[in-house]
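Me: Could you take a look at this model with me? I'd like to talk through how the helices pack.

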Amino acid sequence: MFDHQGDGASMFAARPPVKKKRKSRTAFTNHQIFELEKRFLYQKYLSPADRDEIAQSLGLSNAQVITWFQNRRAKLKRDMEELKRDMENTRAGGPALQHQKLLMTSLGIPIKLDEPQDLSGKM
């Protein structure tokens, strides 16, 4: 009845695969990014109430706020792994000390010096 060939495949052969349309990439404003980054500094995970409040105050959807925080946590994880590699390279005498300091500064991690430096200008 359905198949003249007897294997059942011809019933589906004429249908092209259905592609799901993706939402276009959101271009966050500088203000939105600033506010999201500011919140991320002290709160890596948001409660549903916090998420609603941020989304409403910034004119974003809950899904956009969820996705932004997920992506930001992933970026933090990558940055921390890179910092760890750089620190290991530095200990091994690698050339990554300046990069390590820059990365630590950008992540808000205080840089501790191994030995105190004399800033008085005396020699």
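Me: How do H2 and H4 lie relative to each other, oblique or parallel?
Reply: This is a predicted model, and in it H2 and H4 are oblique to each other, since their axes cross at roughly 60° and come within 11 Å. Here H2 covers residues 30–42 and H4 covers residues 62–91.

Me: And which hand does the crossing of H2 and H4 have, left or right?
Reply: The crossing of H2 and H4 is right-handed.

Me: Which residues meet there, in H2 and in H4?
Reply: From H2, the residues in contact are Leu36, Glu37, Arg39 and Phe40, and they meet Trp68, Phe69, Arg72, Arg73 and Leu76 of H4. Sorted by class, the residues of this contact are five nonpolar and four charged, with no polar ones.

Me: OK, switching to H3. How do the axes of H2 and H3 cross?
Reply: The axes of H2 and H3 cross at roughly 160° and come within 10 Å, which makes H2 roughly antiparallel to H3, an angle over 145 being what that term requires. The crossing in which H2 passes H3 is right-handed.

Me: What does H2 use to meet H3?
Reply: On the H2 side there are His31, Gln32, Glu35, Leu36 and Arg39, and on the H3 side Asp50, Glu53, Ile54 and Leu58. The contact of H2 with H3 holds three nonpolar, two polar and four charged residues.

Me: Which residues make up the largest nonpolar core?
Reply: That core has ten residues in all, namely Leu36, Phe40, Leu46, Ile54, Ala55, Leu58, Leu60, Val65, Trp68 and Phe69. H2, H4 and H3, the last of these spanning 48–58, each supply at least two residues of this core. As background, nonpolar side chains in soluble globular proteins tend to be buried together.

Me: What does Ile54 touch, leaving out residues up to four places away in sequence?
Reply: With those neighbours set aside, Ile54 touches Leu36, Arg39, Leu46 and Val65. Among these, Leu36, Leu46 and Val65 belong to the largest nonpolar core, as does Ile54 itself.

Me: Last one: where is Ile66, and how does its accessibility count?
Reply: Ile66 is placed in helix H4, and it counts as partly exposed because its relative accessibility is 33%, partly exposed being the class between 20% and 50%. The C-alpha atoms of Ile66 and Leu46 are separated by 8.4 Å, although the two residues lie 20 residues apart along the chain.

Technical notes:
Residues are numbered from 1 along each chain as its sequence is written. This is a predicted model: local features need pLDDT of at least 70, side-chain atom pairs count only at pLDDT 80 or more; totals for chains, interfaces and linings use all residues. Side-chain values use heavy atoms; hydrogens and water are left out. Axes are lines fitted to C-alpha atoms, for helices over the stretch in contact, and angles run from 0 to 180 degrees between N-to-C directions. Helices (H or I, at least four residues) and strands (E, at least two) are DSSP runs, numbered from the N terminus. Angles under 35 degrees count as roughly parallel, over 145 as roughly antiparallel, 65 to 115 as roughly perpendicular and the rest as oblique. A crossing is left-handed if the near helix is turned anticlockwise from the far one by less than a right angle, and right-handed if clockwise. Contact means heavy atoms within 4.5 Å. Ala, Val, Leu, Ile, Met, Phe, Trp, Tyr, Cys and Pro count as nonpolar, Asp, Glu, Lys and Arg as charged, and the others, Gly among them, as polar. A nonpolar core is a set of buried Ala, Val, Leu, Ile, Met, Phe, Trp, Tyr and Cys residues joined through side-chain atoms within 4.5 Å. Buried means under 20% relative accessible area, exposed over 50%, partly exposed in between (1.4 Å probe, protein chains only).
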